[in-house]
Amino acid sequence: MNSPLLTVSGLAKRYRRGGKTIAAVDDVSFAIEPGETLALAGPSGSGKSTIARLVLRLIEPDAGRIQFEGDDFLALSGSALRARRARLQMVFQDPLAAFNPRATVARLLDDPLRIHGIASRAERPRRIAALLERVGLNADLAPRAIHEISGGQRQRIAIARAIATNPSLIVLDEAVSALDVSVRGDILNLLLDLQAKERIAYLFISHDLGVVRAIAHRVVILDAGRIAESGDARAVIGAPQSAIGKALVMATPKLHRTTAS
Amino acid sequence: MTALLSIRDLSVAYRRDGREVAALKNINLDIASGERLAIIGESGSGKSTLALAIAGLLPASARIGGRIDWQMSEFRSPHQPSCLRKTPLSGRDIGFVFQDPSASLDPVMPIGKQIAEVARTHLGLGWPQAYARARTLLERVRLPDPGTALRTFPHQLSGGQKQRVAIAAAIAAGPKLLIADEATSALDTIVQAEIVSLIRQLVSEDGMTLLFVSHDIALAAELAERIAVFRHGELVEIGATAEIVNAPRHAYTRALLDAHIGLDAEPMLRRAGASA
Ligand SMILES: Nc1ncnc2c1ncn2[C@@H]1O[C@H](COP(=O)(O)OP(=O)(O)OP(=O)(O)O)[C@@H](O)[C@H]1O
Ligand SMILES: Nc1ncnc2c1ncn2[C@@H]1O[C@H](COP(=O)(O)OP(=O)(O)OP(=O)(O)O)[C@@H](O)[C@H]1O
Ligand SMILES: [Mg+2]
Ligand SMILES: [Mg+2]
């Protein structure tokens with residue numbers, strides 16, 4: 001068996017709010033293999049995004065260890081951390097919201113190539129065209145401003161930005177939740193294609209158990225910061241054992257179609 | 001089946017950057033009294049525009065064509081019960097619940113007062129009766145400890161609890177029509193299911209008509225008796241829920257149904273020689 005790509009053990013994060021301490025993440029452990037999709041599911045406030053931020057080292061844990069590509073990720077700093085960050089990327093719900101809407105697609109894709117020293121200035125336009133192609137977009141989108149492209153195209157650009165640095169793991173926090181169903185399927189297929197071709201692993205956060213079941217290998221179900229249960233995504237969602245797992249499955253809207261599509 | 005309202009050739013256009021954008025094009029639609037009708041469609045298809053048009057809440061800049069005829073003989077007038085109006089009033093005859101409850105709740109007013117004020121304004125009640133009604137409403141939307149809850153502020157409540165309060169305020173004046181525009185979209189699945197079941201119960205207890213706007217076809221099918229499918233400002237098709245789900249006439253409806261990823265969907269994952 002491979003050694004895991006990412007191992008999280010005993011992770012904990014507390015917040016103080018209104019005089020009370022909230023255990024946002026409480027003794028959470030899991031591992032992700034190369035090329036695997038691990039989903040995090042759970043009700044609002046169960047700690048999914050906090051785990052994402054901890055794994056990305058956007059915030060520091062109160063306790064626990066994170067091993068990434070064989071190293072103690074929490075001990076890395078300076079240039080070693082920067083180099084390793086290129087291997088660990090993220091896509092959020094509206095990932096381009098933070099950018100100036102007048103910024104061009106080319107500019108957005110140029111950033112990671114420049115910052116991580118992946119391609120020389122002369123080489124970058126070609127790299128940008130290649131990236132657009134890898135996410136199923138036409139290269140002539142490059143000069144467009146991000147406010148001039150559709151929601152589905154924006155999410156493809158966010159994915160292109162994430163894969164620009166050849167990551168081994170991408171954290172996706174509700175990355176398809178705001179998309180119309182007609183483009184959601186295309187984006188999920190793009191993610192699966194990239195995974196098959198480039199062996200990228202995903203930490204896939206979603207409140208939608210249907211989507212989790214369709215694309216994840218394994219799932220971790222969280223409740224109040226703790227792991228309620230975990231296992232093969234289809235087995236867990238097909239027959240949840242925990243109270244919260246059962247409640248989530250029960251609450252998922254079901255479309256009863258009698259005719260085959 | 002008596003119609004609550006008939007929409008005839010309704011068109012709505014917004015002005016944006018000096019141009020007119022058509023948001024609804026020649027919509028013809030009857031809403032039956034007491035029915036639960038869902039409006040579904042993708043982002044920008046005109047769902048909210050229709051809901052706002054029915055509630056008379058479109059911005060003044062919107063250009064409106066066509067008619068909305070209310071078949072009800074009269075609407076109550078709070079202060080002069082003998083005076084009956086021909087047009088409905090939003091807040092009294094129509095209750096509206098938005099996606100973001102914070103948008104409809106005043107952050108600096110206790111929630112009890114907000115609900116009582118609706119009852120005072122539209123039913124002509126005095127404060128004591130209005131507060132009593134607010135308390136009953138908080139019980140009906142199953143907010144824990146309603147007596148104390150009257151004095152709490154919106155920021156002290158969770159998203160789901162805020163939406164319960166918004167629903168209480170929306171039904172405070174006993175409206176004929178309740179419009180819920182993506183009222184559960186920002187909530188997690190479990191809270192969404194609770195709010196949907198609450199809406200179903202309130203609508204049936206009070207004999208209200210429900211217009212349920214959603215982009216989620218499965219959720220719409222669980223709640224509504226009829227579904228209207230919108231696309232690019234047009235009504236693609238409308239029918240009984242079972243018809244729309246099992247025998248859609250329009251290819252677009254079929255595409256929406258096929259794009260739904262339910263708990264019984266075919267897995268999309270090809271095990272890519274990776275993990276064990
Ligand atoms: N910066 C913060 N300060 C205080 N409390 C926080 C902070 N970030 C998160 N929390 C709290 O930690 C808990 C976990 O939040 P988190 O955002 O991880 O949940 P989530 O599972 O991502 O929920 P959602 O599905 O709503 O996105 C919640 O109780 C939340 O209020
Ligand atoms: N106040 C406004 N001014 C200008 N254009 C508007 C306004 N409100 C809506 N529009 C436009 O009208 C069209 C229909 O919008 P509407 O909000 O009715 O769609 P919707 O189906 O509710 O979408 P969503 O699912 O995103 O809520 C869109 O093109 C939208 O951009
Ligand atoms: Mg989150
Ligand atoms: Mg809308």
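The paragraphs below lead through a predicted model, beginning with the overall form of chain B and ending at a single residue.

In chain B, the secondary structure amounts to 10 helices and nine strands. The radius of gyration of this chain is 20 Å, close to the 19 Å that the globule rule gives for 276 residues, so chain B is as compact as a globular protein of that length. Measured out along its principal axes, the C-alpha trace of chain B spans about 70 × 55 × 45 Å.

The inside and the surface of the chain can be described in turn. Of the 276 residues in chain B, 52% are buried, and among its contacts with a separation of 6 or more, 65% join residues that are 24 or more positions apart. The chain exposes about 12300 Å², of which carbon and sulfur atoms supply 51%. Chain B also carries 30 positive and 29 negative side chains, and the centres of these two sets lie 4 Å apart.

For chain A, an unreviewed UniProt entry lists residues 6–249 as "domain: ABC transporter". This span is 36% helix and 27% strand, and its end C-alpha atoms lie 28 Å apart.

Returning to chain B, one can look at Ser33(B), which lies in the loop between β2 (19–32) and β3 (36–41). Is Ser33(B) buried or exposed? Ser33(B) has a relative accessible area of 43%, and because this value falls between the limits of 20% and 50%, the residue counts as partly exposed. Leaving aside residues up to four places away in sequence, Ser33(B) touches Thr2(B), Ala3(B), Leu4(B) and Thr209(B). Thr2(B) is 31 residues from Ser33(B) along the chain, yet their C-alpha atoms are separated by 5.7 Å.

Notes
Residues numbered from 1 in each chain as written. Chains lettered and ligands numbered in written order. Predicted model: local features only at pLDDT ≥ 70, side-chain atom pairs only at ≥ 80, totals over all residues. Heavy atoms only, no water. Helix = DSSP H or I, 4+ residues; strand = E, 2+ residues; numbered from the N terminus. Rg over C-alpha atoms; globule rule 2.2 N^0.38 Å. Buried < 20%, exposed > 50% of the residue type's maximum accessible area, 1.4 Å probe, protein only. Contact = heavy atoms within 4.5 Å. Areas by Shrake-Rupley, 256 points an atom, 1.4 Å probe, with all protein chains shown as cover. Lys, Arg positive; Asp, Glu negative; His and termini not counted. Charge placed at Lys NZ, Arg CZ, Asp CG, Glu CD. UniProt positions renumbered as here; feature names shortened; annotations may be inferred.
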